[in-house]
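Me: Hi! Could you walk me through this structure, starting with the ligand site?
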Amino acid sequence: MEHTMGADNQIETWQEVTLVYNSALKQINTKLEVLNDEFQHVHQYNPIEHIKSRIKTPESIVKKLKRHGYESDIENMVRYVNDIAGIRVICSFTSDIYRIAEMIRLQNDIHVVTVKDYIRNPKPSGYKSYHMLVTVPVFLSDRTVEVKVEIQIRTVAMDFWASLEHKIKYKFEGNAPEHVKNELVECSRMVSELDQRMQELNEEIKGFAMEA
Ligand code: 0O2
């Protein structure tokens with residue numbers, strides 16, 4: 001029998017939450033590694049630079065539930081917090097992002113719930129990244145559970161920007177001075193320009209390699 005967590009919540013303790021979400025992360029990690037290896041085999045090129053994954057801390061989950069006005073219990077965590085399990089995929093070029101997203105979409109057992117393209121539509125802060133909320137089946141001894149995983153795909157440059165902006169946001173508790181915010185928006189514009197120029201350079205080099 002199949003259960004979607006949240007609709008028919010089969011998870012009752014924090015230990016079960018970590019077990020099930022960790023298993024989902026392992027599955028997605030393996031899928032991405034396989035796709036990267038296959039891509040290397042076929043095209044002699046790795047679209048993925050590296051992958052980071054994490055389970056959200058209980059403190060951070062409770063904070064998120066509170067922000068949205070929900071009580072802190074396991075059922076609400078599973079139902080309303082979409083990024084308990086998160087994977088960040090870092091690649092070199094913007095075109096790799098869409099290539100990886102398409103490869104994920106084509107996996108039979110992955111169901112794409114939502115997509116947020118903050119590259120085509122950046123956040124007012126300047127944040128850019130491609131977000132996919134997916135579910136993946138986790139096969140337990142007595143049941144199969146569809147588990148939500150948030151996949152964030154971004155370039156090295158976008159990641160550099162996001163990690164500094166995150167530190168600044170944390171330091172100023174979300175109230176950074178206006179000139180700092182403006183500078184971040186300007187840096188984000190520079191990130192886009194850098195990504196575009198690097199991609200153009202890469203295309204040109206590929207053209208040379210084909211002629212040789
Ligand atoms: P952490 O520490 O990364 O876990 P949600 O808040 O998730 O219910 P929302 O706002 O629609 O709903 O989600 P969104 O914006 O699609 O994705 C949220 C995650 O994206 C964040 O998770 C960050 O990881 C990242 N993110 C979104 N906006 C920004 C931004 O302006 N700057 C940076 N540096 N990261 C951003 P958490 O839970 O906020 O944090």
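Reply: Happy to. A polar side-chain atom of serine 125 lies 2.9 Å from an oxygen atom of the ligand, a polar contact in the sense of two N or O atoms within 3.5 Å. This is a predicted model, where local features need pLDDT of at least 70, side-chain atom pairs count only at pLDDT 80 or more, and totals for chains, interfaces and linings use all residues. Residues are numbered from 1 along each chain as its sequence is written, and side-chain values use heavy atoms, with hydrogens and water left out.

Me: Thanks! How far is lysine 123 from an oxygen atom of the ligand?
Reply: A polar atom in the lysine 123 side chain is 2.6 Å from a ligand oxygen. Glutamate 165 has a side-chain N or O atom 2.7 Å from a nitrogen atom of the ligand.

Me: And how much of the ligand does the protein bury?
Reply: The protein buries 72% of the 740 Å² that the ligand exposes when taken alone, using Shrake-Rupley areas with a 1.4 Å probe.

Me: Which residues come nearest to the ligand?
Reply: Lys56, Lys64, Lys116, Lys123 and Glu165 do, out of 19 around the ligand; a residue counts if one of its heavy atoms lies within 4 Å.

Me: What's the mix by class in that shell?
Reply: The shell has 11 charged, 5 polar and 3 nonpolar residues. Asp, Glu, Lys and Arg count as charged, Ala, Val, Leu, Ile, Met, Phe, Trp, Tyr, Cys and Pro as nonpolar, and the others, Gly among them, as polar.

Me: Which element gives the most to the shell?
Reply: Helix 5, with 4 residues. Helices (H or I, at least four residues) and strands (E, at least two) are DSSP runs, numbered from the N terminus.

Me: Switching topic: how many salt bridges are there in the whole structure?
Reply: A search finds 17, each a side-chain nitrogen of Lys or Arg within 4 Å of a carboxyl oxygen of Asp or Glu. One of them joins arginine 105 and glutamate 102, at 2.9 Å from N to O.

Me: Where do those two sit?
Reply: Both are in helix 4 (residues 94-105), and because they are 3 residues apart, about one helical turn separates arginine 105 from glutamate 102.

Me: Last one: how many helices and strands does the chain have?
Reply: There are 6 helices and 6 strands.

Terms used: Polar contact = N/O pair within 3.5 Å; in protein donor to acceptor, adjacent residues only side chain to side chain.
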